[in-house]
Amino acid sequence: MSRLHADALATLRGWAPPTNDQALLRDRYVGLLEARADAMTRDCLPDHLTASTLVLDEDRRRVLLTHHAKARRWFQFGGHPEAEDTTLAGAALREAVEESGLQPSDLSLDPVPVELDAHAVPFCAPGTAVHHFDVMFVATARAGARHAVSEESLDVAWWPIDDLPNPDLASRIAPALARLGHSPSS
């Protein structure tokens, strides 16, 4: 078992899900990790774990999103863990840095997962029904941090949390704000 695999298993086993639905997802993720040594890799089909980061500004009024080149939709930053990743939170932070153009010192990542989301990804392995078992973290960007568009993105931009380009993202904001001890109306 790799350090990343062991960390993901420990992180998810120790995570206190906020809802029954999240507890059921956590159990699915843990089951996959217990059954498959390759669960943290793209080779694990049809399901494998990914890591993502929802980046908020210091005032918790805006979220930095990527217009994903393959999906052609706005999302939080995230993707597949790499061989050099040793922790799930570290993989999420690396993805946020790579895709946002921010520096690691620009971000303060909370190492406790915020939300789990299992979703189909038709472009991950064409011809195969692939599901990403995503573990989302939240980070705060320091004021004045400069973002940039990566090769994986069509654009990277700040969006007001009450005017998101992808309505599906609204349900992800509340758990992130709650994790940071902030309500959407504050």
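Reader: Which residues in the largest nonpolar core touch the most other members?

Author: This is a predicted model, and in it the largest nonpolar core holds 23 residues, of which Leu 12, Tyr 29, Leu 33, Leu 49 and Val 135 touch the most other members.

Reader: And which helices and strands each supply at least two residues of this core?

Author: Three helices do so, namely helix 1 (3-14), helix 2 (20-35) and helix 3 (88-100), together with strand 1 (47-56) and strand 6 (131-141). Helix 2 gives the largest share of this core, with 5 residues.

Reader: Okay, back to Tyr 29, what does that one touch?

Author: Leaving aside residues up to four places away in sequence, Tyr 29 touches Leu 12, Leu 49, Leu 116, Asp 117, Ala 118, Phe 133, Asp 134 and Val 135.

Reader: How many residues are in the second core, then?

Author: The second core, which is separate, has 15 residues, and among them are Ala 157, Ile 161, Leu 169 and Ala 176.

Reader: Changing topic, is the peptide bond from Leu 45 to Pro 46 cis or trans?

Author: The bond that runs from Leu 45 to Pro 46 is cis, and its omega is near 10 degrees. As for its place in the chain, Pro 46 lies in the loop that joins helix 2 and strand 1.

Reader: What about Arg 60, what is its phi and where is it found?

Author: Arg 60 has a phi near 60 degrees, which is a positive value in a residue other than glycine, and this residue is found in the loop between strand 1 and strand 2 (62-68).

Reader: Why does Arg 60 count as buried?

Author: Arg 60 counts as buried because its relative accessibility is 17%, and buried means under 20%.

Methods. Residues numbered from 1 in each chain as written. Predicted model: local features only at pLDDT ≥ 70, side-chain atom pairs only at ≥ 80, totals over all residues. Heavy atoms only, no water. Core = buried A, V, L, I, M, F, W, Y, C linked by side-chain atoms within 4.5 Å. Buried < 20%, exposed > 50% of the residue type's maximum accessible area, 1.4 Å probe, protein only. Helix = DSSP H or I, 4+ residues; strand = E, 2+ residues; numbered from the N terminus. Contact = heavy atoms within 4.5 Å.
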